[in-house]
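Hi there,

I'm passing this structure on to you, along with some notes on what I found in it. Please have it open while you read.

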Amino acid sequence: MGRRGIRIEKVVPASIASELGIEAGDKLLAVNRRPVKDILEYQYYTSEEVVVLDIEKADGEVWSIEIEKEYDEDLGLVFSGAVFDRLRTCRNRCLFCFMDQLPSGVRKSLRTKDDDYRLSFLYGNFITLTNLDREDWEAIAALRLSPLYVSVHATDSRVRACMLGNEKGGQIISDLNRLRDLGLQVHTQVVLCPGINDGEVLAETVSTLASFWPTVLSIGIVPVGLTRYRQGLYPLQAVDKVKAQDVITRGQAWQRQFRAELGLGLVYLADEFFIKAEQDFPPNEYYDGYPQIENGIGMAREFLDRLTELDNDLPRELPERTRLTLVCGHGARLVLERAARRLNRIKGLEVAVMPVSNRFFGEEVTVTGLLTGQDIERALADSSDEKGIILIPDVVLREDHDYFLDDMTVGELMERSGKAIDVVEATADGLVNYVRRMAREGGGVQWPGR
């Protein structure tokens, strides 16, 4: 980092930093005479009761400020990102890499292959551990970064190295031993590629990872995602109905075994397996607190159970007749149709579900979060529904922004489609709160981009 420092984006009003005259636009050069590489080091070093900050002001003047405060008291500095030095990027060439299957022309940020242990700890991003150097391992140990989220895929060293396209991938057992020796824990993931890491390879992987419990807190299994842009890439098969049923059968046996041995299921299957197998989602107890819900494991069950919990919060009728159309990927259709059946019991409300085919990435891609503006525009053009409000879940938009993966904005979609469109939080709470607001205020809630 040297003298360049980290730009301070914001100073919390009435905070310690504010009272000391530190301002947005100043640069943090060091904490306790050390440059800091990321938000984790910043939080660690500034947790002490006595902290020395080196700050460069906008005019180039450098302040060295000694601060006495309560232990763990926040200084009030806000930065634009979590990583201050450089993002640790992926050094693998995975057979199934989704980034390699993107169409040309997508924005550059979508092609960034992060494999950064800090984002794993902070946000649950899965990492492979293959790019860690001595300094990274020392930081993980010193900052006690636990749990991390690790993509294992296979514990057979040959299979994993082949899947990752990286010989270091074969070191997963020594990496897990190292984490266990450090007293750190991990949630693990297996991206299931039929013909490569299923069957006996998967059985060995589950058994080996289970032997690392409680270092290994959970084993999530998700089906490989394939787009229509695989020309020149390794030929992979999608998980079909038969394979999904086989994995579910194996998963149920593992859950029974580990509940008896460990007191928890340990192995959890992605919602997509149950959708592909045309089976109902397991009950809440299956998920043991949903340790991998952000990985698409248990989202459907959590949504449905939460909707039931909120049932008494729903109004009995709306002040004016309203039609809502819920947009989703085909994978979420059955869940939202259950929600629609309940909402249609509200007098004055008519709810329909519009599953949208993903032609941007290919129709094998059924998750709602990967729908693009042009996919939705096409579906709306084909729809005969001329009335009502189109509800789009916020997961199809870039976080804190109003544009889709293909850079179309919500406002552009409204203009092109001629439809009334609102965006709703993609949770049961979000949907119920939307309906409750309509009951109080009438009509839909206006999207800011309208």
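How many bridges join strand 8 to strand 9? There are 7 of them, and the two strands, the second of which covers residues 216-223, run parallel. (Strands here are DSSP runs of E with at least two residues, helices are runs of H or I with at least four, and both are numbered from the N terminus; two strands pair if DSSP finds at least two bridges between them.)

Before you look further, please note that this is a predicted model, where local features need pLDDT of at least 70 and side-chain atom pairs count only at pLDDT 80 or more, while totals for chains, interfaces and linings use all residues. Residues are numbered from 1 along each chain as its sequence is written, and side-chain values use heavy atoms, leaving out hydrogens and water.

Back to strand 8: Val186 has Val216 as its bridge partner in strand 9. Strand 7 (residues 148-151) also runs parallel to strand 8, joined by 4 bridges, and there Tyr149 stands opposite His187.

Why is strand 8 described as largely enclosed by the rest of the structure? Because 7 of the 7 residues in this strand (186-192) are buried, meaning under 20% relative accessible area with a 1.4 Å probe, protein chains only. Val186, Thr188, Val190 and Leu192 cover one side, with His187, Gln189 and Val191 on the other.

Elsewhere, Asp136 sits in helix 4 (residues 134-142) and is buried too, at 1% relative accessible area. Leaving aside residues up to four places away in sequence, Asp136 touches Arg88, Tyr117 and Asn131, where contact means heavy atoms within 4.5 Å.

Happy exploring!

Definitions and conventions. Buried means under 20% relative accessible area, exposed over 50%, partly exposed in between (1.4 Å probe, protein chains only).
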